[in-house]
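Let's go through this one by question and answer, starting with how residues get sorted.

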Amino acid sequence: MFEKVLVANRGEIAVRVMRACDDIGVDTVAVYSDADKHAGHVRYADEAYNVGPARAADSYLDHEGIIDAARQAGADAIHPGYGFLAENAEFAGKVEETEGVTWVGPSADSMRQLGEKTQARKTMRDADVPIVPGTTDPVESVEDVHEFGEEHGYPIAIKAEGGGGGRGMKIVRSEDEAAEQLESAEREGEAYFDNANVYLERYLENPRHIEVQILADHHGNVRHLGERDCSLQRRHQKVIEEGPSPALTDELREEIGRAARRGADSAGYYNAGTFEFLVEEDPEREPGELLGPETNFYFLEVNTRIQVEHTVTEELTGVDIVKWQLKVASDEELTFEQDDVELEGHAVEYRINAENAANDFAPATGGKLETYDPPGGIGVRVDDGLRQGDDLVTDYDSMVAKLIVHGSDREECLARSRRALAEYDIEGIPTIVPFHRLMLEDEAFVGGTHTTKYLDEDLDEERVAEAQEQWGTETESEDSSDDDVVERDFTVEVNGKRFEVNLEERGAAQLATTAAAENGGGERPEPAGGSDDGGETVVEGDGETVEAEMQGTILDVNVAEGDEVEPGDVLVVLEAMKMENDVVASHGGTVTQVAVAEDDSVDMGDVLVVID
Ligand code: MV4
């Protein structure tokens with residue numbers, strides 16, 4: 001095994017990889033940009049190296065800079081995570097050629113071969129893995145497109161040879177669109193992938209997106225770890241992934257898994273990888289009905305990296321995929337057989353993106369994690385890279401954490417998901433938690449009948465806005481636009497029962513200690529509610545405030561300034577809703593302020609007593 005692994009990434013995936021390293025006693029090295037000086041992955045690592053300015057091209061994508069950091073640290077392996085350099089065959093090749101440093105991933109040759117989509121299609125066709133009907137050689141001219149249309153009909157997908165993940169794909173719906181779309185696909189291929197070659201496929205109108213996790217070693221062992229259903233996407237960005245797919249019979253699932261394994265085997269693939277498939281959906285399918293072995297499925301592409309949603313498979317199989325990436329990269333052999341792999345229950349991953357779903361999923365432009373209190377309990381896993389008090393870094397992608405929920409079946413998993421998302425307390429930045437909570441009430445998602453088009457074409461934006469309204473938390477930027485509103489949360493105890501009180505003051509002086517100091521310190525402030533001008537009690541020091549949990553009248557005041565009180569002592573008696581309520585101290589201490597007198601009327605949230 002390696003002694004020290006450099007993780008060429010940031011955020012939650014960098015932490016995920018380092019956790020796997022810790023589990024097997026491997027030291028960790030982080031790299032970071034100027035924007036990430038205080039980032040979670042930097043704090044987590046045993047050592048960390050600055051590799052340049054915030055711009056990714058100058059830091060996280062700098063081949064030489066990262067390899068230099070590995071040399072300087074004495075790291076004997078580089079794990080790329082996902083994104084950034086993870087699928088860059090040129091970088092993988094450079095690492096392979098660096099003495100004493102191992103690339104944790106498939107060979108640079110595999111990455112090159114599978115990255116070129118026409119080549120990948122040939123390899124899969126030859127391995128008897130079904131590919132979408134289409135061409136395996138680049139298109140020569142628009143006549144090729146016309147001919148394909150005459151033979152197979154429309155629509156046709158024109159895809160860039162170097163493409164993937166939704167970039168460089170154009171749809172031709174009729175002959176007269178062919179020339180324009182061909183040109184556009186070639187232009188995009190050239191611009192994004194430096195390769196203007198394109199190929200053709202029949203375009204499937206309403207597919208499900210199913211992907212199979214593969215793990216393979218350097219000794220010819222290939223295992224598949226079941227599939228994930230990533231059909232809930234928005235503009236090619238996955239938002240929720242789950243496994244097993246709620247749409248497949250075990251027979252079809254098994255068939256797709258075997259196809260992926262065959263493909264990986266004949267490609268000589270090793271390390272972790274994902275085989276993506278399109279599965280033809282039956283538009284008439286009802287919730288509860290499943291797609292059987294007669295269903296068409298087609299190979300799409302291989303992702304030659306660990307993926308964001310690998311966690312779903314880890315929860316289902318109990319296999320630590322990242323640990324195995326490290327092990328197979330250091331030439332260890334897989335110790336389990338295909339038959340040992342069992343899928344247990346159901347798992348769903350929710351991407352916690354710092355975006356406002358109600359505003360077209362606009363990424364947050366800043367903010368600080370004022371509150372960060374993730375959920376826990378049975379079936380709940382949180383992979384994240386930040387902590388309360390951290391500033392949000394907005395230079396890279398907007399995903400800040402992942403919530404992964406496991407249950408014995410889909411129903412239990414979704415119930416736990418509702419609970420976990422309700423527990424997730426994040427303040428200071430917007431997140432798409434409200435959107436996820438909406439999905440858990442959504443008929444299509446809950447029924448498992450959603451396809452890749454659902455979010456882009458069918459979901460009513462009004463519902464997203466309502467979800468944001470209902471479950472969203474205010475962010476700092478919203479607060480500051482209305483700075484004479486002061487909001488505070490208090491807990492009070494009345495007759496031994498705990499109440500939570502949210503106090504919102506408009507146009508009021510802040511409950512601030514500075515004001516108290518100016519007040520002369522010892523002076524007894526004006527009783528709350530004792531005047532009609534809405535004047536508020538000014539609290540001195542940072543003692544515990546005891547507030548009225550409801551509107552009412554003070555019948556009795558039992559304490560005076562300077563009194564010592566014990567938890568449970570009655571401080572004042574408040575008449576509200578025709579009942580006498582004892583307001584008791586929840587903590588012991590010295591009464592530093594009595595803000596009310598007998599017969600005062602008080603509003604909910606008014607300060608009654610302060611105890612230090
Ligand atoms: C397709 C397709 C339908 N027919 N190919 C988009 C991402 C890229 N990896 C391939 N993609 C698609 N290829 C044919 N022949 C539909 C998609 C597609 C899609 C695929 C996977 C997940 C989400 C998607 C959303 C829209 C379109």
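Ala, Val, Leu, Ile, Met, Phe, Trp, Tyr, Cys and Pro count as nonpolar, Asp, Glu, Lys and Arg as charged, and the others, Gly among them, as polar. This is a predicted model, where local features need pLDDT of at least 70, side-chain atom pairs count only at pLDDT 80 or more, and totals for chains, interfaces and linings use all residues. Residues are numbered from 1 along each chain as its sequence is written, and side-chain values use heavy atoms, with hydrogens and water left out.

Q: How many charged residues does the shell around the ligand have?
A: A residue is near the ligand if one of its heavy atoms lies within 4 Å of it. K159, E201, R202, L204 and Q233 come nearest of the 17 residues around the ligand. By class, that shell has six nonpolar and six polar residues, and the charged ones number five.

Q: Which residue has a polar backbone atom 2.9 Å from a nitrogen atom of the ligand?
A: Polar contacts here are pairs of N or O atoms within 3.5 Å. On the side-chain side, a polar atom of E201 sits 2.8 Å from a ligand nitrogen, and an N or O atom of E301 is 3.1 Å from a ligand nitrogen. The backbone atom at 2.9 Å belongs to L204.

Q: How are α4 and α5 oriented to each other?
A: Helix α4 (residues 89-96) and helix α5 (residues 108-115) pack at an angle of about 170°, axes 8 Å apart. Angles run from 0 to 180 degrees between N-to-C directions, with axes fitted to C-alpha atoms over the stretch in contact. Over 145 degrees counts as roughly antiparallel, under 35 as roughly parallel, 65 to 115 as roughly perpendicular and the rest as oblique. So α4 and α5 are roughly antiparallel.

Key:
Helix = DSSP H or I, 4+ residues; strand = E, 2+ residues; numbered from the N terminus. Polar contact = N/O pair within 3.5 Å; in protein donor to acceptor, adjacent residues only side chain to side chain.
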